[in-house]
Structure formats: C-alpha cells, structure tokens
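Good morning, colleagues. I should like to take you through one structure, beginning with its ligand and then turning to the chain itself.

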Amino acid sequence: MSRFPITRLRRLRQNANYRDMVRETELSVKHLIYPLFISEEITTPQEISAMPGIMQWPLKYLAKEAERIYRLGIPGILLFGIPKTKDEVGSQAYAKNGIIQKAIHVIKEKVPNLLTITDVCLCEYTSHGHCGVINSKGYVQNDESLLYLSHMALSHIEAGADMVAPSDMMDGRVGAIRKMLDDNRFTQIPIMAYSAKYASGFYGPFREAAQSAPQFGDRKSYQMDPANVREALREIEQDVNEGADIVMVKPALAYLDVIAKVRERYNVPLAAYNVSGEFSMVKAAAANGWIDEKRIIMEILTSIKRAGADIIISYFAPQVAEWLRSDQ
Ligand code: PBG
C-alpha cells in the first residue's frame, strides 16, 4: 500500500474516462426550470436591462418562446405576469382573463407537455407592491391574504396550469392553497412552495423584470433574515406539514449550506432558485471578459446540485441546455 493515500485519488483523476466514471454530481437538463415573464403592457419583446438575454414577452410571442424551451428539452417553465392594471387587492391576479390565465391557455395549446408552473404572489398585481393585502396602516395582513392567494392558485389551475408555486411567504398559505385545490377536485395538482425565501438583495434585477418593487417599506416582515438557518428548517417543516410536494430554498448560491441542511433533514424533493442577481453578476463579469462564462455557469449549477437540490430554477436554463447537448 502506498504511503501517500492521496495518490490513489490522483490515479482516478488522470484521464477523462476515470473522472466521468467517479463523478458524484451530474447536471441534467431534466432538472431545470426556466422562469418566463409575460407582460400585458408591451407589444414586442423587451429585454430586461440588468438581465442580458432575458425578456419580458407579450402574449403574442409567447407560443414561439415556449416551443423553443420545450425543444431544448427543458421540462418546465415558471410563469410571472405583469398586468396592465394594478390595484390594492391585486384583482388581475385571479381574474379569468388575467395575463397569466391567458398565457397558460396559449402555452397549453401550443406545447401541452411543457410543465407550466405559476408563481403565486400578489406583488406584481398590487398597487403597493407587497406580496399580500395591506390594512390602512400599511401592514401586510397575513390571514386575509391567504384567501386572495388561494383564489389566485385556483384560477391558474382552472386555466390549465400543472403546478402552483406560492412565493408570498404568508404563514399557512400552503395549507390554504391545498384545501382550495382539493375542495375543487384538483387533488392531483402539486404545490412547489418557496419555503425558505430570504429577504435578499439578489432579487434586485427581478423587481425591474416583474415591476414588483414595494412602493413603501420592505419585505423583511415576511421574508427570512439571511443570518438564519434553523429558521429555514422550521419554515420547511411547516410547509411539508401543510402539504407541500416540493420545497424550495431561495436564493441558491449564497445559501448552499441551507440547501445542504434541508437535504440532510428532509426526504422531500428540493428546488433551489438561482435568482436574478446571481444571473446578472455572472453576465456582467463575463461581458467584461473577467471570467469564463460557460465554465462559471456550469460550476455554479453543479454546486447547487452537489449541495442537494433536485431541481434548479435558473435563467441560465436555455443556455445550459444547449451546452449539455453539444458537449455530449
Ligand atoms: C415574488 C418573487 C420574487 C422573486 C420570485 N418571486 C421577488 C421578491 O420576493 O422580491 C425573485 C426571483 C429572482 O430574483 O429571480 N413574487
């Protein structure tokens, strides 16, 4: 036996076949979900300035984009809507002819097998930009918000969506949505809960993309403190108990330890959201020639998988799908 056990590892690193054989983590297009922004306010696709290559889509162009995603082998999309009109209670979020409801019809007609997941949250639909409804003093009302959110979820499913993803972070929303879906005989519809969602600076570019910045205050009363990990486990536990089929940690990269802990502790499917700010930082550095874009993106997504995520929601999905295909 060698006196230097390290050499045994080296032996298996010396050529690509060995490396491939013993690789512990494999990134696959099958695990990716791509977020899509649909806007009622535009007639041609608009690029989001802080997110090169990511567009807000008008309804008219949506079918083509959905088909492109499907052809790349990406199994699912996560839809965000930007309505023309906003009000105090986010009426367009659960309107039958709301932008998301119309978008679901378009997608299901063109690419019925593309898993269509919808973000359930009021912030894009309320005039004040908060994720729930507020009282006259401007405080978000948790229990009252549940009613609006579960109606929103139901209307997405009635329009033909395959799964709902509540991102509002109100307490009890998974249970409220589960009950609403079950009462309307949608017992087969899964819920992917944004369970451990941190109050994060990494959402900056998204708020431009979804036009959902709060008009006053911030989200710290309902989103989590970045300093906490035990609290994340309690949030996960609560959502699992209320019936979440998939739980999520968000953002991903600065929270790999949270992903790893959740993976160790719970046997439920786990998603991680590689958010807008994580995308923009890579794009900006790459545009300056400071980093090798492809290498960095693959390394980031692999690290999220290695930490324990089953599913990765990422703006890089189409790009990665192309790379995975051409590298084979
Ligand atoms: C809320 C929501 C947000 C994101 C997804 N859903 C923003 C927020 O909570 O402020 C952020 C996603 C990203 O940054 O890519 N509807």
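How many residues surround the ligand, and which are the closest? There are 18 residues around the ligand, counting a residue if one of its heavy atoms lies within 4 Å, and the closest are R207, R219, K250, S276 and Y315.

Before I continue, please note that this is a predicted model, in which local features need pLDDT of at least 70 and side-chain atom pairs count only at pLDDT 80 or more, while totals for chains, interfaces and linings use all residues. Residues are numbered from 1 along each chain as its sequence is written, and side-chain values use heavy atoms, with hydrogens and water left out.

The shell around the ligand comprises 9 nonpolar, 3 polar and 6 charged residues; here Ala, Val, Leu, Ile, Met, Phe, Trp, Tyr, Cys and Pro count as nonpolar, Asp, Glu, Lys and Arg as charged, and the others, Gly among them, as polar.

Let us consider the polar contacts, that is, pairs of N or O atoms within 3.5 Å. A side-chain N or O atom of R207 is 2.5 Å from an oxygen atom of the ligand. A nitrogen atom of the ligand lies 3.2 Å from a polar side-chain atom of E124, and for S167 the distance from a side-chain N or O atom to a ligand nitrogen is 3.2 Å. Of the 410 Å² of accessible area that the ligand has on its own, the protein covers 100% (Shrake-Rupley method, 1.4 Å probe).

I turn now to the backbone. The peptide bond from K250 to P251 is cis, with omega near -10°. M169, although not a glycine, has a positive phi of about 70°. For context, most residues other than glycine have a negative phi, and most peptide bonds are trans.

Finally, the whole structure contains 14 salt bridges, each a side-chain nitrogen of Lys or Arg within 4 Å of a carboxyl oxygen of Asp or Glu. One of them joins K102 and E40, at 3.6 Å from N to O.

Conventions. Polar contact = N/O pair within 3.5 Å; in protein donor to acceptor, adjacent residues only side chain to side chain.
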